[in-house]
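Here is a short round of questions and answers on one protein model. Keep the picture open as you read.

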Amino acid sequence: MPRAYDLVGDVTAPAEIFPRLDALAAMVDTLRERGLHDAADETAELLEEARAFAAAMQTRSCRLRRIWKAVEVASEPVRD
């Protein structure tokens, strides 16, 4: 059975990290268990930064969504 963190080793683009935040948290624990404390600390920092970024993007997109929608509606071609 695959471990929770098996998919994080294949991450090649920053956007691929966001669906795997729980797996990264599991990786932090595994790295600590194996004595890889520097890697665990850096992974924990990356995880914290990714969660903060995701929260900030969620907040901003919620604020802007109505404006974006209004512009899209106003920009639709006029039908005869």
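The questions below go through this predicted model, from the whole chain down to single residues.

Me: How many helices and how many strands are in the protein?
Reply: Helices and strands are counted separately here. The strand count is zero. The helix count is two.

Me: What percentage of the residues count as buried?
Reply: Buried means under 20% relative accessible area. The protein has 80 residues. The share of them that counts as buried is 20%.

Me: Are helix α1 and helix α2 roughly parallel or roughly antiparallel?
Reply: Helix α1 covers residues 21-33, and helix α2 covers residues 37-74. Their axes come within 8 Å and cross at roughly 160°. Angles over 145 degrees count as roughly antiparallel. So α1 relative to α2 is roughly antiparallel.

Me: Is the crossing of α1 and α2 left-handed or right-handed?
Reply: Handedness is a separate matter from the angle. The way α1 passes α2 is left-handed.

Me: Which kinds of residue make up the contact of α1 with α2, and how many are nonpolar?
Reply: On the α1 side, the contact includes Leu21, Leu24, Ala25 and Val28. On the α2 side, it includes Ala40, Leu47, Ala50 and Arg51. Two residues of the contact are polar and four are charged. The nonpolar count is 11.

Me: Which element gives the largest share of the largest nonpolar core?
Reply: This core has 10 residues, among them Val8, Ile17, Leu24, Met27 and Leu47. The elements giving two or more residues to it are α1 and α2. The largest share is five residues, and it comes from α1.

Me: Which residues does leucine 24 touch, leaving out those up to four places away in sequence?
Reply: Leucine 24 belongs to the largest nonpolar core. It is also part of the contact of α1 with α2. Beyond its sequence neighbours up to four places away, leucine 24 touches Val8, Ile17, Thr43, Leu46 and Leu47.

Me: Why does alanine 25 count as partly exposed?
Reply: Alanine 25 lies in helix α1. Partly exposed residues fall between the buried limit of 20% and the exposed limit of 50%. Alanine 25 counts as partly exposed because its relative accessible area is 24%.

Me: What distance separates the C-alpha atoms of alanine 25 and alanine 40?
Reply: Both residues take part in the contact between α1 and α2. They are 15 residues apart along the chain. Their C-alpha atoms are separated by 9.5 Å.

Key
Residues numbered from 1 in each chain as written. Predicted model: local features only at pLDDT ≥ 70, side-chain atom pairs only at ≥ 80, totals over all residues. Heavy atoms only, no water. Axes fitted to C-alpha atoms, helices over the stretch in contact; angles between N-to-C directions. Helix = DSSP H or I, 4+ residues; strand = E, 2+ residues; numbered from the N terminus. Parallel < 35°, antiparallel > 145°, perpendicular 65-115°, else oblique. Left-handed = near helix turned anticlockwise from the far one by under 90°. Contact = heavy atoms within 4.5 Å. Nonpolar A, V, L, I, M, F, W, Y, C, P; charged D, E, K, R; others polar. Core = buried A, V, L, I, M, F, W, Y, C linked by side-chain atoms within 4.5 Å. Buried < 20%, exposed > 50% of the residue type's maximum accessible area, 1.4 Å probe, protein only.
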